[in-house]
Every structure is written in C-alpha cells, then in structure tokens.
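Here's a quick briefing on a two-chain model. Take a look at the structure first, then we'll walk through it by topic.

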Amino acid sequence: MATVVSAPRGGLNVNAIRQDFPILRQQVHGKPLVYLDNAATTQKPQAVIDSLVHYYAQENSNVHRGVHELSGRATDAYDAARETVRRFLNAADSREIVFVRGTTEAINLVAQTYGRAHVGRGDEIVLTEMEHHSNIVPWQILSQEKGAQLRVVPIADAGELRLDEFERLLTDRTRLVCVTHVSNVLGTVNPVADLVRLARSRGIPVLIDGAQAVAHMPVDVEALGCDFYAFSGHKIFGPTGIGVLYGRKALLDAMPVYQGGGGMIGRVTFDRTTYAELPYKFEAGTPHIAGAIGLAAALDYLTAIGLERVAAYEHDLLEYGAQALSQVPGLQLTGTARSKASVLSFALHDVHPHDVGTILDREGVAIRAGHHCCQPLMARLGVPATARASLAMYNTREEIDALVRALQTVREVFA
Amino acid sequence: MSAELQDLYQEMILDHNRRPRNFRAIADARHAEGYNPLCGDRITVYLTVGDGGTITDVSFQGSGCAISKASASLMTESIKGKTVEEAQALFERFQRMITASGETPIDDLGKLTVLAGVRQFPVRVKCASLAWHTLRAAVDARNEVVSTE
C-alpha cells in the first residue's frame, strides 16, 4: 500500500512523494495550489485514503466483542495499528499507547486523571510561554479546581526557552511539567531530552506535546525518557479525529479512569465496576477504528520514506525559506531559534497578517494568519497575530519561490 | 493581481486603513469593545447620542486588518448625524450588501459601497462587520465584549 520513495544519495524524491498526495494536484483560484499550512493540518497520501476505503468497504465492524469474521478482522487491524504506533514511538509496550481524538484529548485525559489524582492545593504545574491553548487550558481548569498554580517558563527574544528560568521554576511543589516539543508559532525545537532529565532528576514527571514534532523528526519516547507524549493523526498525514497518548505503563496503571462506558470495564454491577486492562481502561465507547487504521497507514508511509531523511530535507528547505523570506523588503521573521522545524512565522511591515493571508490565497498560496491558538505567546511577542507558512516533506523550493512572489503582490497592493 | 483582489483592496479602503478617520477615544462616551477571535482583532467604538437619538459624535480605536479598520473608519463617517435607528437600518443594508451572492445588484450605500467586494471573500465578512456589531453594543451601552463568533 505505502509507496516506498527513495532517491539517489539517500535524499528525498519529492516529486515522487507529491504524486502520492492527490490533493496537491489541484489549482486554487486558477493557480497551482501551494499548501503551506501544514502546522494546521497535513494532506493525506493515497495510501491513507485507500486504507480508509478498504476498511469501510471490506472490514467495517465493531472491535473486541463480535464473534463473527468481520469483527475479528476489524479487531486485528485495530490492534495492529496500536502496534504500529508503538514501533513508531519506540515505546516499550503497546499497552502504553492509548488512542484518543487528538493531542487536545490526550492532554485533557492526563489532566483529568493523573492531574486530579496528584495535583492539590498549593501545588504547581510548570508550562512554557510558547504553549498552544490545548496545553494551557486543561491545566488551568485543573488548577482552578484544585487550588494549584501554573508556573510559566519565559522565552528569550529569539523564541528559545530560558533554561535557567526552567530550572528555577522546578520546586518541591511542582507536580508536572508540560512542554511542547516544537512550537507551532516559532518553530522552536525545544531541548526536550534535557528538560526531561532536569525534571525527572527531581522526581517530576513530564508531558510532551508532540503535535508539531512527529511529522518532522524521529521521536523515541524511550530515549527521551518522558512520562507522557501526545500527538494528533491529522498533523502526520493521517485522518482527523484520531490521536495518541503515550504514557509510561507504571503511571497509566496507577491512574484513575477517564471516561466511563463500554469497552473500558472488567465487570459491571449496580454496586461497583471493575475496569479493563491497559490500554482499554482509557478507551470508553466504540473507538475511531478507521482513524486508527488510517493513522497506522500514515505512519507506515512515513516510516518507509524515513524520518531522518524527512528531517534533513525539511531542514534544508527551512533554511532556504528563511533566507528567501529575509530578502523580502519589510519582512520580519518571528522565531529565530537555533534549532527549528517546519515553521516560518512572519510580519510584513504595516500589512495585517489577515490581509497577507487573503492575497496569498488568491495567488494559490495557503498559509495561516492569526494567533494560532497561542494568545499568551502573541501577548509576549507584542503582536495580535502573525502570518505563518509551515512546511511538510512534500513542499519544494519552487513553492517557497511562489510564496515570495505572492508576497510581492501583497506589497504591490499595499504600496 | 486578480479582479477580485482589486475589488477588495480599493484605493479608498487602503486610504482609510492608512489614515483611519475618527481614530480616537471620546471621554465619558458610551462605548463597547468588539473582538474577532478568528484573527485577534480588537476594536472599541465610542459614541455620543444627543436629543432625539441623533449620533452627535462617533469614533473608534483598536488594531485590525485593512478591511476591519477601513470599515470602522467608513462607518464613523457614515453615521455621524444620523439617528440610532437610521444607523441600525444602514447596518442591516450593509450586512446584506457584504453577504449577498456575486450576482446580486449592489445597493448604493454611498462610501460604504466600496466594501461590496467583501462578498467575494466570505471569510472576511466578519472583518467588515466587526465595527458595526460593536456599534450596536455601544448603543446599548453594554459593558461587555461582543464577539464575532
């Protein structure tokens, strides 16, 4: 199903990859589509689309309860998807992989189970200034309920975390550290392995929001040593509505349940209920079976290409993009960390990002304009919004050139 | 540049974006704050209403895209001297103009007609209507933030 794409010299055969993504072949407003909104969501390769069609056409059934043939096939495919995710993250045990709706639900799950069990009055949760709302609001809800405090690690102007402040904020009241792997606005790749080491040496568990990382670099949760890692399927070439929470087994085992319902129980009476083993204890109700299968197809596709190669290719493209954008008169890049992935946020002189986005769209170039669900970060940067181009492995230098040409049109309109 | 873009970003709109009219606060006036969560735009509209419900002064402050700023600026010019009811009726005609399909004939709303190009850009309708929604809240002297969502 997955097309294995390789090029000489170990590079990436981008033209072949582009052929695998049918949506990229279209025109928008009469111009070839240049899709640079990958941090919002990625496009889907034919292998993923086919896997969904195949599942619904040939295997659709409920999992873990039918005695019939189709239910067996659906269950096998769903279990195999979990094993694919385990391999992808290099987790020790597939029971450490919980299927959820996306990164947001993964974080809410941890907040409402681990958080409610371990965070009390006067306790502290350490976040960073560059977190997405989905890694802020669940902790705020928990803190308000428990009388706990959020402690926020500031960033330096280039968009890098202040590690001295991070260490200073780790106290004997810190119950959890929640940090994004890659910033969706700044593109900063945080030194998560170092952060985990600093926190865990003090006995503090760490949750990593991997939504913007997994499609752009290899992730090994065992090597990172983190306690929780969350990501969304749709940002890694898979379907929407499916995501993953990785949690260390010892923690997941000890955590209270999340939602109640079918599938997560051992035995139910009106007096009491016992709960299912991991990971089912956290998967109440019929799961997004097709989504999990589609996600596994996406991970297989990406693994066949090779994330090391993807990372190297995107690094080169990002450098090219930063260089090309810096030549545009009046353009200011936001986020110039030494270690970056995928994201080019910028401001164009006096032109509001929303106007930039509209004009680029008419040139076929899709970017995002807005606060990117990071209002506290926008406040830190002192801007209401930024324009953001975000890259994936199927983007090319020619597309960066198209972005730069379209920005010239913006300058002409607002001359 | 496409014809639709030229319709949207007409010279008058760019001019009102660069040099917004009535861009100031009015002390002790009725006011309300408008917010577009989609893009983070914020605007405050101030107005004073005299005898017989006539809008004697109106102004705005805030940050936003060219469409929202120009629309706010043009709104203040269009409603000064009108009654609150007349301003409300104008808002309804304006809203119809910017949300109509491309084939619908364009209502003549004076200077506001320059914003008719917004109808080609459905995602920008909220930018053009933010000031008007905020005006309505200011008329009611509601002390709350009105949202486009």
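Let's start inside chain A: A:Ser143 sits in helix H5 of chain A, which spans residues 137–146. Keep in mind that this is a predicted model. From that serine we'll go on to a second one, then the overall build of chain A, the salt bridges and the contact between the chains.

**Two serines in chain A**

- A:Ser143 counts as buried because its relative accessible area is 6%, under the 20% cut-off.
- Setting aside residues up to four places away in sequence, A:Ser143 touches A:Ile125, A:Ala148, A:Gln149 and A:Leu150.
- A:Ser342 is in a loop, the one that runs between strand S13 (331–334) and strand S14 (343–348) of chain A.
- Is A:Ser342 buried or exposed? With a relative accessibility of 3%, A:Ser342 goes down as buried.
- Once neighbours within four places in sequence are left out, the contacts of A:Ser342 are A:His216, A:Glu314, A:Leu318, A:Ala389, A:Ser390 and A:Leu391.
- By contrast, take A:Leu170, which is 172 residues from A:Ser342 along the chain: their C-alpha atoms are separated by 30 Å.

**Overall build of chain A**

- Chain A has 14 helices and 17 strands.
- Its radius of gyration is 22 Å, close to the 22 Å that the globule rule gives for 415 residues, so chain A is as compact as a globular protein of that length.
- Along the principal axes, the C-alpha atoms of chain A fit a box of roughly 75 × 55 × 40 Å.
- Buried residues make up 57% of the 415 in chain A.
- Take the contacts in chain A with a separation of 6 or more: 71% of them involve residues 24 or more positions apart.

**Salt bridges within the chains**

- Over all chains, the whole structure holds 35 salt bridges.
- In chain A, A:Glu165 and A:Arg168 pair up through their side chains, at 3.0 Å from N to O.
- Where do these two sit relative to each other in helix H6? A:Glu165 and A:Arg168 are about one helical turn apart, because 3 residues separate them in that helix (residues 163–169) of chain A.
- The two partners differ in exposure: A:Glu165 is buried at 16% relative accessible area, while A:Arg168 is exposed at 55%.
- That pair belongs to a salt-bridge network that links A:Arg162, A:Asp164, A:Glu165 and A:Arg168.
- Over in chain B, the side chains of B:Glu33 and B:Arg42 form a salt bridge of 2.9 Å, N to O.
- Both ends of that bridge are partly exposed, with B:Glu33 at 27% relative accessibility and B:Arg42 at 37%.
- Another chain B salt bridge joins B:Glu77 to B:Lys111, and their closest N and O atoms are 2.8 Å apart.
- This one ties together distant parts of the chain, 34 residues apart: B:Glu77 is in helix H3 of chain B, and B:Lys111 is in the loop between helix H4 (84–99) and helix H5 (125–139) of chain B.
- B:Glu77 is partly exposed at 31% relative accessible area, and B:Lys111 is partly exposed at 42%.

**Where chain B meets chain A**

- How many residues does each chain bring to the contact? Chain B brings 24 residues and chain A brings 16 residues.
- An interface is often sized by the accessible area lost when its parts come together. Here chains B and A bury about 1500 Å² between them, and carbon and sulfur atoms account for 56% of that.
- B:Met1, B:Tyr9 and B:Cys39 provide 28% of the area that chain B buries against chain A, more than any other three residues.
- There are 2 salt bridges across the interface of chain B and chain A. One of the cross-chain contacts is the salt bridge of B:Glu4 with A:Arg362, where the closest N and O atoms are 2.7 Å apart.
- Between the two chains, 9 residue pairs are in polar contact, with both residues at pLDDT 80 or more.
- Three helices of chain B each supply at least two residues to the side that touches chain A: helix H1 (3–8), helix H2 (11–18) and helix H3 (66–79).
- By residue type, that side of chain B splits into 14 nonpolar, 6 polar and 4 charged.

Note on methods. Residues are numbered from 1 along each chain as its sequence is written. Chains are lettered from A and ligands numbered from 1 in the order in which they are written. This is a predicted model: local features need pLDDT of at least 70, side-chain atom pairs count only at pLDDT 80 or more; totals for chains, interfaces and linings use all residues. Side-chain values use heavy atoms; hydrogens and water are left out. Contact means heavy atoms within 4.5 Å. Buried area is the accessible area (1.4 Å probe) that two parts lose on being put together, summed over both. A salt bridge is a side-chain nitrogen of Lys or Arg within 4 Å of a carboxyl oxygen of Asp or Glu. A polar contact is a pair of N or O atoms within 3.5 Å; within protein, one must be able to donate a hydrogen and the other to accept it, and residues adjacent in sequence count only if both atoms are side-chain atoms. Helices (H or I, at least four residues) and strands (E, at least two) are DSSP runs, numbered from the N terminus. Ala, Val, Leu, Ile, Met, Phe, Trp, Tyr, Cys and Pro count as nonpolar, Asp, Glu, Lys and Arg as charged, and the others, Gly among them, as polar. Buried means under 20% relative accessible area, exposed over 50%, partly exposed in between (1.4 Å probe, protein chains only). The radius of gyration is taken over C-alpha atoms; the globule rule is 2.2 Å times the number of residues to the power 0.38.
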